[in-house]
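User: I've got a new structure open and no idea where to start. Can you walk me through it?

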Amino acid sequence: MKIKKTAVRLSAIATLLVVSSTQAQWNLGAGGISSDASYRGVDRDNFVIPVVGYEGERLYFRGLELGYRLNQASRRSPHQWAVVVTGAPFRFRPNDSRDPQMRLLDSRSFSAELALDYQFSTPFGVFDARAGHDIRGNGHRLSASYAYPLSPNPRKWQLSPSIGVSYISSGYTDYYYGVSATEAERSGLAEYGSQDAFNPNLRLSGYYRIDERWNLFGAISASRLSSKIANSPMADGRYISTAILAVSYSF
């Protein structure tokens, strides 16, 4: 779901799924994703995805994100801009819910977003800001985060805690948590029109290079839902979470 996407941001997933080395341009592997969108009667959504990564001078493909760097960051210029197309592994499938009313609602499918991304690297961490619009026209999202890499040996391993916040437009939130008049009549749930929302989030991500070819990646993220979302009759709780684990081979 897109709200989740808010919290978890696929760029976060993409950053984890593929960490390229200076020698390797391609990465192939597989990853598992487990997400909880806080839908009534729905357990965690678990699925496996292929991990395909490419790192060029400007163009890159990392798991679920395709990007083009508009410039290259350097010591003299720590600012980097990129245009990205990214997907989010969140969805609502009525038959996954144990709640009989939820099973009568329409499904919500995976989303994709076209965005402009900005990163600013400093000795004190990395600041990231992104402005994106849903390709299907469901709305837009703005996000900002700060991450602090902990590793003294980043070529071998890295662990990066981060904190951020996302603004999601009403179109986004309504698609994933709104209940239309037709759905309300069919299911008996109250009609609900969600509004724009701010969701703070925390994330811990990292990688470990097993050897020169094999790499292990992982991430855990959690977001606190705005009351504009949590008050939906579709929602159950105030938090959503996502966990990712992937392994890849570089060549």
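**Salt bridges, a cavity and buried residues**

Analyst: We can start with D45, which is buried at a relative accessible area of 12%. Buried means under 20% relative accessible area, exposed means over 50%, and partly exposed is in between, with a 1.4 Å probe and protein chains only.

User: And where does this model come from?

Analyst: This is a predicted model, so local features need pLDDT of at least 70 and side-chain atom pairs count only at pLDDT 80 or more, while totals for chains, interfaces and linings use all residues. Residues are numbered from 1 along each chain as its sequence is written, and side-chain values use heavy atoms, with hydrogens and water left out.

User: OK. What does the side chain of D45 meet in a salt bridge?

Analyst: The side chain of R93, with 4.0 Å from N to O. A salt bridge here is a side-chain nitrogen of Lys or Arg within 4 Å of a carboxyl oxygen of Asp or Glu.

User: Why does that pair tie parts together?

Analyst: D45 is in strand 2 and R93 is in the loop between strand 5 and strand 6, so the pair joins parts that are 48 residues apart in sequence. Helices (H or I, at least four residues) and strands (E, at least two) are DSSP runs, numbered from the N terminus.

User: Is R93 buried or partly exposed?

Analyst: R93 is partly exposed, at a relative accessible area of 38%. R93 and D45 also belong to a network of salt bridges that includes R91 and D96.

User: How many salt bridges does a search of the whole structure find?

Analyst: The search finds 12. One of the pairs is R40 with D99, where the closest N and O atoms are 2.5 Å apart. R40 sits in the loop between strand 1 (26–36) and strand 2 (45–55), and D99 in the loop between strand 5 (79–88) and strand 6 (111–122), so this pair ties together parts 59 residues apart in sequence. D99 counts as buried, with 15% relative accessibility.

User: Got another one?

Analyst: D106 and R186 form a salt bridge through their side chains, at 3.2 Å from N to O. The pair links distant parts of the chain, since D106 is in the loop between strand 5 and strand 6 and R186 is in helix 4 (residues 181–187), 80 residues apart. D106 is partly exposed at 38% relative accessible area, and R186 counts as partly exposed at 39%.

User: New topic. How many cavities of 30 Å³ or more are there?

Analyst: Three. The largest has a volume of about 70 Å³. Of the 12 residues lining the largest cavity, those closest to its centre are Y39, V42, D43, D45 and R91.

User: What counts as a cavity?

Analyst: On a 1 Å grid over the protein atoms alone, it is a set of points where a 1.4 Å probe fits but cannot get out, and lining residues have an atom within 4 Å of a point. Points are joined across faces, edges and corners, and the volume is the space filled by probe spheres set on them.

User: How do the residues of that lining divide?

Analyst: The lining of the largest cavity has seven charged residues, four nonpolar and one polar. Asp, Glu, Lys and Arg count as charged, Ala, Val, Leu, Ile, Met, Phe, Trp, Tyr, Cys and Pro as nonpolar, and the others, Gly among them, as polar.

User: Zooming out, how many helices and strands does the protein have?

Analyst: Five helices and 12 strands. The C-alpha trace spans about 60 × 30 × 30 Å along its principal axes. Of the 251 residues, 49% are buried.

User: Which residues of helix 3 are buried?

Analyst: In helix 3 (residues 170–177), they are Y172, T173, Y176 and Y177. Seen down the helix axis, these buried residues fall within an arc of 95°, so they line one face of helix 3. The arc is that of the directions from the helix axis to the C-beta atoms.

User: Any odd residues?

Analyst: S38 has a positive phi of about 60° although it is not a glycine. S38 is in the loop between strand 1 and strand 2, and counts as buried at 2% relative accessibility.

User: Where is Y60 found?

Analyst: Y60 is in strand 3 (residues 59–62), and counts as buried at 5% relative accessibility. Y60 and W26 are 34 residues apart in sequence and 9.7 Å apart in space, C-alpha to C-alpha.

User: And which strand does S166 lie in?

Analyst: Strand 9 (residues 157–168). S166 is buried, with a relative accessible area of 1%. From S166 to R203 is 37 residues in sequence and 13 Å in space, C-alpha to C-alpha.

How values were computed: 1 Å grid on protein atoms, 1.4 Å probe; cavity = no way out; pocket = protein on both sides within 12 Å on 5 of 7 lines; lining within 4 Å.
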